[in-house]
Amino acid sequence: MIVTLTGPNDFARTHELKKLVAGFVAEHGDFALETLDGEEDSFERLQESLQSLPFLSPKKLVALRTPGANKQFAEAAAELLANIPETTDVVVVEPKLDKRLSYYKFLKKATDFREFAELDANGLAKWAGEYAKENGGSLTPNDARFLVERVAGGQQRLQNELDKLLAYDTTVSRATIELLTEATPQSTVFALLDAAFSGNAARAAELYNEQRALRVEPQAIVAMLAWQLHILALVKAAGERSADDVAREAKLNPFVVRKSLGLVRAMSLDALKAYVADLLDLDQKLKSVSIDADEATRLFLLNLAI
């Protein structure tokens, strides 16, 4: 058996590796596991591990972390992996693979190829509900979406927060989420933009007040708005390219890019340019003119919602 684990979702990929290793070790023992790193171990060491027979066990598992980083291994992978003993199972862990290379094509065709993409907001909410259930708790879909929007980040951050919430009360509710978690400013600013662009001025004002209650200054909110508009501009300029491609080239989290796609679909490029120009004007005034920063920022958000 040869399994390939790849994709940008570090949490899911690592979880799958741990599950495979734990199952194998439980059956065959610790001596049956060998772990090597393509960035640290020589080609000869990788080759020897794959071709040698197991020690004190009828089978062994060789876990290879980024073996493609070793150019010699990548070039010889097809022949090397095709001739391993039947007593050896292999897990190849490659977070990033160049689809143009024969190495990728071989792994895709000849191995149990498992690719782990980043989850969007709906996927994260579904996973959060499943995680709560698996750990003896409950979390409704609405409260799961609220948690995802409140804490932002990926599955690792969500797991940390869920572990804390479940330890407090196995029934995770909006009330306990608000009690035990802190709203992530970037996440709230995105929701603030979402409300404004959707024409929901009241919700935008509510989210702005939440930011101020968290002692986030108007200047900091403007800076975060600038970052969010920068991301929206990148996504809009990318046209029909996939979220994963945009994220990779712009060095952004795919989760952030997917959320931004929902905002820019119905927005013209000219409108987006106007928003950026208005925010730039606001930023310059805040830095050079004596004005009420709160009122000026609220007015900018109100104009977005019109």
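Helices (H or I, at least four residues) and strands (E, at least two) are DSSP runs, numbered from the N terminus. The model is predicted: local features need pLDDT of at least 70, side-chain atom pairs count only at pLDDT 80 or more, and totals for chains, interfaces and linings use all residues. Residues are numbered from 1 along each chain as its sequence is written, and side-chain values use heavy atoms, with hydrogens and water left out.

**Figure 1. Overall view of the predicted protein, with its 15 helices and seven strands.** The radius of gyration (taken over C-alpha atoms) is 24 Å, well over the 19 Å that the globule rule gives for 306 residues, so the protein is more spread out than a compact globule. The globule rule is 2.2 Å times the number of residues to the power 0.38. Along the principal axes, the C-alpha atoms fill a box of roughly 75 × 45 × 30 Å. Of the 306 residues, 45% count as buried; buried means under 20% relative accessible area, exposed over 50%, and partly exposed in between (1.4 Å probe, protein chains only). The protein exposes about 16500 Å², of which carbon and sulfur atoms supply 52%. Accessible areas come from the Shrake-Rupley method with a 1.4 Å probe, and for residues only the protein chains shown count as cover. Contact means heavy atoms within 4.5 Å. Among contacts between residues at least 6 apart in sequence, 72% join residues at least 24 apart. The mean positions of the 36 positive and 45 negative charges are 3 Å apart. Lys and Arg count as positive and Asp and Glu as negative, while His and the chain ends are not counted; the place of a charge is NZ of Lys, CZ of Arg, CG of Asp or CD of Glu.

**Figure 2. Close-up of K251, in the loop between helix 12 (243–250) and helix 13.** K251 is exposed, with a relative accessible area of 76%. Its phi is near 60°, a positive value in a residue other than glycine. Most residues other than glycine have a negative phi.

**Figure 3. Close-up of L56, in the loop between helix 2 (43–51) and strand 3 (60–65).** L56 is not a glycine, yet its phi is positive, at about 60°. The residue counts as exposed, at 64% relative accessibility. The C-alpha atom of L56 is separated by 50 Å from that of D143, a residue 87 places away along the chain.

**Figure 4. Close-up of D143, in helix 6 (residues 141–151).** D143 is buried, with a relative accessible area of 16%. Not counting residues up to four places away in sequence, D143 touches V172, S173, R174 and I177.

**Figure 5. Close-up of E94, in strand 4 (residues 88–94).** E94 counts as buried, at 4% relative accessibility. Beyond residues up to four places away in sequence, E94 touches L5, T6, G7, T66, P67, G68 and Y103. With Y103 there is also a polar contact, formed between the side chains of E94 and Y103 at 2.7 Å. A polar contact is a pair of N or O atoms within 3.5 Å; within protein, one must be able to donate a hydrogen and the other to accept it, and residues adjacent in sequence count only if both atoms are side-chain atoms. The C-alpha atoms of E94 and L36 are separated by 13 Å, with the two residues 58 apart along the chain.

**Figure 6. Close-up of T6, in strand 1 (residues 2–6).** T6 is buried, with a relative accessible area of 4%. Residues up to four places away in sequence aside, T6 touches R13, E94, P95, K96, L97, F113, R114, E115 and F116.

**Figure 7. Close-up of S260, in helix 13 (residues 254–264).** S260 is buried, and its relative accessible area is 0%. Leaving aside neighbours within four places in sequence, S260 is in contact with F190, I231, L232 and V235.

**Figure 8. Close-up of F197, in helix 9 (residues 185–197).** With neighbours within four places in sequence left aside, F197 is in contact with L229, L232, L263, M267, Y275 and L304. F197 and I306 are 109 residues apart along the chain, and their C-alpha atoms are separated by 8.3 Å.
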